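Trainee: I have a new model open and would love some help reading it. Could we go through it together, one question at a time?

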Protein chains: 2
Amino acid sequence: MSVLFKNARILATVNGSFKVLDGAFLGVSGKKINYIGTNRPSFPYDSEKDMHDRLLMPGLVNGHAHSAMNLLKGIGSDLPLQDWLNTIWPVEGRMREQELVSGMEMVVLEMLAGGTTSFSDMYLKPMVTQKVIGESGIKADLCRVVMGGDENTDYLTFQNRVEALEFHKEFYNAYDGRLHVDWSVHAEYTIADRIAEKWAEEIQTLGGRLHIHLSETRTEHENCINKRGITPAGWFNKLGFFNVPTYAAHCVWVSDEDMAIMKDKGVTAVHNPSSNMKLGSGFAPVQKMLDRGINVALGTDGSASNNNVNMFEEIHLASVIHNGYHTDPTIMKPADVIKMATVNGAMAQGRPDTGSLEVGKCADIIAINLDAPHMVPDHDTLALIAYSAQASDVCMTMVDGKILYENVNFLTMDRERIFHDYKKSCEFLSKS
Amino acid sequence: MSVLFKNARILATVNGSFKVLDGAFLGVSGKKINYIGTNRPSFPYDSEKDMHDRLLMPGLVNGHAHSAMNLLKGIGSDLPLQDWLNTIWPVEGRMREQELVSGMEMVVLEMLAGGTTSFSDMYLKPMVTQKVIGESGIKADLCRVVMGGDENTDYLTFQNRVEALEFHKEFYNAYDGRLHVDWSVHAEYTIADRIAEKWAEEIQTLGGRLHIHLSETRTEHENCINKRGITPAGWFNKLGFFNVPTYAAHCVWVSDEDMAIMKDKGVTAVHNPSSNMKLGSGFAPVQKMLDRGINVALGTDGSASNNNVNMFEEIHLASVIHNGYHTDPTIMKPADVIKMATVNGAMAQGRPDTGSLEVGKCADIIAINLDAPHMVPDHDTLALIAYSAQASDVCMTMVDGKILYENVNFLTMDRERIFHDYKKSCEFLSKS
């Protein structure tokens with residue numbers, strides 16, 4: 001199967017930089033982009049799609065989510081962090097497998113409709129929820145969250161570890177590589193030290209990638225220093241975790257020394273502006289990390305603290321809030337933020353074959369409707385994406401050359417059945 | 001003409017507080033709401049509209065905009081403030097009457113599609129652009145921006161003043177009161193002192209309301225103190241401007257003493273979070289102003305510094321950025337922010353008959369589609385509006401009992417003709 005998009009505005013990447021083409025062609029053959037240019041390609045395609053008034057850009061990569069927390073959205077809003085956690089945990093504890101699947105399905109519907117083609121998720125029972133990745137056609141890095149334990153826990157039978165290893169064994173690189181199985185440590189403050197030590201040793205021998213939370217709040221960062229005499233990043237590094245390619249959510253309170261470690265070890269910071277703002281966590285030093293050459297990706301965090309999985313909202317926030325915080329309109333350029341939301345996230349996921357529109361890359365492509373009052377005029381396409389565009393402007397989402405969403409229709413997912421199941425899950429959680 | 005909305009979720013106001021009704025009825029007769037309740041009203045309506053999976057809420061009031069600056073969107077992005085102004089001013093200077101009208105038309109299209117039912121605009125030639133208010137059916141407070149002058153300017157023939165007075169005389173309360181004509185002072189740093197003194201004296205005798213910029217940047221605030229020994233708010237107050245009901249955009253750097261003046265004089269602060277963030281102006285002390293009982297409204301500012309007129313984006317930003325800045329998730333409650341975006345804006349405009357859903361108020365109502373992945377579950381309707389909803393969820397916009405926008409269709413405005421004219425205006429500005 002091959003398709004030629006024509007008459008498009010295209011946000012292509014040439015030698016690592018964005019280049020906007022007008023009235024251009026983009027060809028897809030199988031899973032890959034095989035042509036980009038302003039002249040019609042000389043080779044044939046099975047079909048053509050007119051993309052007049054449409055912008056083709058790389059699909060968005062959501063670098064940090066907790067899928068099924070969607071079901072908890074709006075519970076305990078505006079409480080202090082610990083009160084909020086105490087409010088949602090009992091509800092979370094009642095989730096059965098069908099709730100986890102329903103939550104994942106609804107989040108994937110929302111992601112596809114909003115232009116996300118790949119996401120990294122940290123949550124419970126990925127062995128069950130992974131089927132949504134298989135069915136929907138989206139790409140994802142899932143992990144079984146690893147946390148807890150105490151001095152008496154038997155490491156070898158520790159359930160978090162056992163489930164993580166089983167999931168890895170059965171699903172690593174499943175669905176033609178659309179699914180990646182990552183390792184995780186929830187955070188330094190939620191895992192027993194001796195479990196962490198053994199876990200760090202074990203995953204270094206297994207390959208794969210590591211998904212963690214890092215220095216999200218000032219309290220957790222300072223408590224770690226007070227307790228261990230070392231920062232969270234220093235602790236992770238000392239234990240050897242950063243010898244595994246790592247992406248770390250939040251990084252709000254990382255120190256200059258932490259950033260030096262991250263740069264040295266190739267740790268990706270995943271910026272989560274909505275969540276950091278809503279929960280009052282603070283402003284991650286994003287421009288500083290970018291200036292130091294640290295790979296910075298972008299994520300939504302879970303819907304319970306966002307409250308959606310709208311990557312265009314994150315692009316907008318990341319583009320403007322740091323200007324306000326540093327009273328400097330010249331930082332956080334649209335090009336840098338759009339890279340955070342695309343190719344940098346793909347790098348964090350170990351997917352060098354996607355995240356930008358280039359010949360030979362995966363056809364993970366979204367189309368943005370430019371024919372809307374808020375999308376005119378287009379004096380600067382990158383600024384238009386960063387400051388004006390909305391998730392609802394996405395009119396097509398393609399992954400590996402397959403269209404999964406187009407003009408409000410889901411082509412691989414049964415929206416009606418998913419809403420039906422989701423409502424039943426919501427009723428179950430409310431009643432029990 | 002009367003219409004009964006049924007099966008709706010309704011964000012009603014009872015004794016000044018929000019109350020969410022489910023499966024409820026809202027009746028509109030002529031321009032007014034004449035029924036709200038969970039039981040079917042006993043009196044008849046000409047027609048009924050089923051609002052299953054729809055939330056009815058008050059239309060949004062955009063408290064501060066510069067309509068036609070839409071045409072400049074994306075020019076000089078990410079430059080320092082003065083460089084940006086130097087970049088856009090020459091283009092702005094080339095705008096003819098048709099550009100001003102086109103810009104206003106496009107902004108009103110965007111506003112209606114995004115649930116704004118009334119806005120306050122400060123720009124050039126409202127005598128020309130006012131016709132868009134007449135034709136579209138939206139409500140607006142327009143003013144002829146007053147700025148400039150020098151020691152040699154003859155006050156009586158000063159063009160800004162003459163145009164402002166003419167506009168007021170011809171259009172005050174036009175279009176059945178949908179159009180208000182306000183007075184303006186662009187800002188303390190852009191007007192000659194002797195013009196300002198006479199203008200303050202004159203408008204106190206004329207009635208009406210005053211729209212100003214106040215302490216947007218630290219530089220302008222401190223320069224005023226250095227130059228005059230008084231803050232901008234102190235200066236406006238000393239000259240008597242605040243004896244006219246005033247709404248002041250930005251208020252980022254107002255002092256405690258300034259807030260005391262604002263409270264005392266009933267000055268409304270219009271918060272513009274997107275613009276304050278994007279331009280690096282800083283964080284207005286919004287929670288402090290609310291705590292002191294100052295009326296705080298919400299606005300987009302012009303599209304050139306936003307870059308859209310999306311009030312749901314402002315609601316989201318106002319709800320989260322102050323939590324981040326003060327590392328406190330308990331401030332800026334959804335109910336307060338939604339009031340800022342509705343009834344507080346209506347108060348700023350001197351429209352006590354709108355801004356909330358209550359019997360006897362104007363039928364300025366919007367419907368939000370709840371049947372979308374990002375809008376489920378609804379554990380807390382106010383949180384859903386503040387944190388999850390998008391402008392694109394608006395599926396109906398009604399002003400004074402007349403539907404102006406419904407399911408992507410504009411019922412009073414010719415979208416095709418407006419886009420055609422707008423593109424011609426963009427071409428003219430690019431070429432000249």
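Mentor: Happily! Keep in mind that this is a predicted model. In helix 3 of chain B, B:Pro126, B:Met127 and B:Gln130 meet residues of helix 4 of chain B. Their partners there are B:Glu163, B:Glu166, B:Phe167 and B:Phe171.

Trainee: How many residues of this contact between helix 3 and helix 4 of chain B are nonpolar?

Mentor: Sort the residues by kind. One is polar and two are charged. The nonpolar ones number four.

Trainee: At what angle do helix 3 and helix 4 of chain B pack?

Mentor: Two packed helices are described by the angle between their axes and the distance between the axes. Here helix 3 spans residues 126-136 and helix 4 spans residues 159-171 of chain B. Their axes are 10 Å apart, and the angle is about 35°.

Trainee: Let's turn to helix 8 of chain B. Why are its buried residues on the same side?

Mentor: The buried residues in helix 8 (residues 256-265) of chain B are B:Asp258, B:Met259 and B:Met262. They lie on the same side of helix 8 of chain B because the arc they cover around the axis is only 100°.

Trainee: Which exposed residues does the face turned away from the buried side of helix 8 of chain B carry?

Mentor: First, see where the buried side goes: its residues pack against helix 7 (232-239), strand 13 (268-271) and helix 10 (286-291) of chain B. The face turned away from that side carries the exposed residues B:Asp256, B:Glu257 and B:Asp264.

How values were computed: Residues are numbered from 1 along each chain as its sequence is written. Chains are lettered from A and ligands numbered from 1 in the order in which they are written. This is a predicted model: local features need pLDDT of at least 70, side-chain atom pairs count only at pLDDT 80 or more; totals for chains, interfaces and linings use all residues. A residue is buried if 20 or more other C-beta atoms lie within 10 Å of its own, exposed if 12 or fewer, and partly exposed in between; C-beta atoms are placed from the backbone. Helices (H or I, at least four residues) and strands (E, at least two) are DSSP runs, numbered from the N terminus. The arc is that of the directions from the helix axis to the C-beta atoms. Two residues are in contact if their C-beta atoms, placed from the backbone, lie within 7 Å. Axes are lines fitted to C-alpha atoms, for helices over the stretch in contact, and angles run from 0 to 180 degrees between N-to-C directions. Ala, Val, Leu, Ile, Met, Phe, Trp, Tyr, Cys and Pro count as nonpolar, Asp, Glu, Lys and Arg as charged, and the others, Gly among them, as polar.
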